[in-house]
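Colleague: I should like to go through this model with you, one region at a time. Please define each term when it first arises.

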Amino acid sequence: MTTQFSRRSMLTGVLGLGVLVTTAACGGDEDSAASSEKYTEPGTDLKAKLTYGVWDQTQVEAIQKNLDAFNAKYPGIEVAISVTPFAQYFTKLQTQASSDTLPDLFWMNGPNFQLYAGNGKVDPITGPVEAGAIDPKNYPEALTTLYSLEGVQYGVPKDMDTIGVWVNRAVFERAGVEVPGEDWTWDEFQSTAAAVSKALKSEGTYGAAGGMDGQTTYYNTVFEAGGEIVKDGTSQYNTPQAQEGIGFWADLIASGGSPTYQQLLDTTADQWFVSGKLGMYWGGSWFRGALAGTDIEDDITVLPLPRGTAQATVIHGVSNLVAANSQNKQAAHALQAYLAGQEAQQAYGEAGSVIPAFTGTQATFTKSMPKANLQVFLDAVDYAKPLPVSANTAAWNTLETKLLPDAFTGSKPVADVTADLASQMDAALAKE
């Protein structure tokens, strides 16, 4: 559960990265970043020891199955999985980047990619692509674009995710409130959350949870209000649309439809939900892994995000990258290519922990939890918008973390908070 929160919480996870990772700290050179090496598929007798850095313990079982299949072809390549909780993952990665001790293969997300690629710390996939080991056309273009910089492709997404509303039907039954339909609105969401909270107040159960991170909550509502987060190198927070999107969450908390901001700091929204104390949870498709084997698994269904002015959801995907300093680069690229391939992607989908990125393998994800209507996450691709990033996303993610709580607690008007955030964010963007 904690792992799931950590992965979805891009905002929290990159906190401080702008301070910890700097161009000087990474110390890469432009030539190495732009270059690529010829790649030849290794012989089956290749011997090597690889480290594979990931952050989600719930995916380790599926990863190991794929490694077992990889080792059936390459028995001499030993792979050690290193799991670091997301809250510490990028801090550790920065230290490893600074000392050129990065794992041979490691997970990367969109907000942090450009820092590492731009400083020559990851190896392009030009060689494997030219050799036919990886074909970027097999993946959504928006996600492969996320992992390219200045025309050089560094990775292909291992998975993709969109955002939906996870619903615990048992909570609704106890509250005597009907589960809304899929074509619902912001107003219906707010009234439903308040109704469930009111009905179950005596047991300390709430209808929904306020927005605490961009990817799963307020980026979506800003998009649904017709706004943007960053556009043409400037912040868009000081707009009526962004204020409306942030205000959505401030209103939810103020109405009692959600635990308070302090309560959500003490116990995260996903913890409220898995413990059966929350009726609706805005979460990513990856949250399915945290529900497997829980007491509430059979009570779950998923709804699309309620409509604002428009319907939207954030789309993102994690990518496997090879470290530029890897001493076993051929073996690392072979593993990268295998994990990006259809067989491995199919296995990820069957495990149900993530939506695989390889086109045509996603349907297995929906079958992994047949009662839960996971198709919502695939349908959402049609109206999805890429996770907002820039060259130093962490710098303004930190500002969001620092300033937006004043809006969520109601201690300052939303318009004042977003105006201040936009001003400080523009200053950060100007330094990129």
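Colleague: Where is Thr 361 found, and is Thr 361 buried or exposed?

Modeller: This is a predicted model, in which local features need pLDDT of at least 70, side-chain atom pairs count only at pLDDT 80 or more, and totals for chains, interfaces and linings use all residues. Residues are numbered from 1 along each chain as its sequence is written, and side-chain values use heavy atoms, with hydrogens and water left out. Thr 361 is found in the loop between strand 16 (355–356) and helix 20 (363–367); helices (H or I, at least four residues) and strands (E, at least two) are DSSP runs, numbered from the N terminus. Buried means under 20% relative accessible area, exposed over 50%, and partly exposed in between (1.4 Å probe, protein chains only); with a relative accessible area of 0%, Thr 361 is therefore buried.

Colleague: Which backbone oxygen does the side chain of Thr 361 reach?

Modeller: Contact means heavy atoms within 4.5 Å, and, leaving aside residues up to four places away in sequence, Thr 361 touches Gln 342, Gln 345, Gln 346 and Pro 356. A polar contact is a pair of N or O atoms within 3.5 Å; within protein, one must be able to donate a hydrogen and the other to accept it, and residues adjacent in sequence count only if both atoms are side-chain atoms. At 2.7 Å, the side chain of Thr 361 reaches the backbone oxygen of Phe 358.

Colleague: Why is Ser 275 classed as partly exposed?

Modeller: Ser 275 is found in the loop between helix 16 (269–274) and strand 12. Its side chain reaches the backbone oxygen of Gln 271 at 2.9 Å and that of Trp 272 at 2.9 Å. Ser 275 is partly exposed because its relative accessible area is 48%.

Colleague: Which strands stand at the edges of the open sheet 12-9-13?

Modeller: Three strands form this open sheet, with antiparallel pairing; two strands pair if DSSP finds at least two bridges between them. Each edge strand has a single partner strand, so one side of each is left without a neighbour in the sheet; the edges are strand 12 (280–284) and strand 13 (300–303).

Colleague: What angle does the direction of helix 13 make with that of strand 12?

Modeller: Axes are lines fitted to C-alpha atoms, for helices over the stretch in contact, and angles run from 0 to 180 degrees between N-to-C directions. Within the sheet, the twist averages 35° from one strand to the next. Helix 13 (residues 214–224) packs on the sheet, touching strand 9 and strand 12, and the angle with strand 12 is about 95°.

Colleague: Which residue in strand 15 stands opposite Phe 106?

Modeller: From strand 3 (residues 105–108), Leu 105 and Trp 107 point one way and Phe 106 and Met 108 the other, and all are buried. Strand 3 pairs in the parallel sense with strand 1 (residues 48–54) over two bridges, and Gly 53 stands opposite Phe 106. Strand 3 runs antiparallel to strand 15 (residues 319–323), joined by four bridges. Opposite Phe 106 in strand 15 stands Leu 321.

Colleague: Over which residues is the pLDDT below 50?

Modeller: The pLDDT is the predictor's confidence in each residue, from 0 to 100. Its mean for the protein is 89, and 91% of residues reach 70 or more. The stretch with pLDDT below 50, which has 97 contacts in the model beyond near neighbours in sequence, is residues 1–35.
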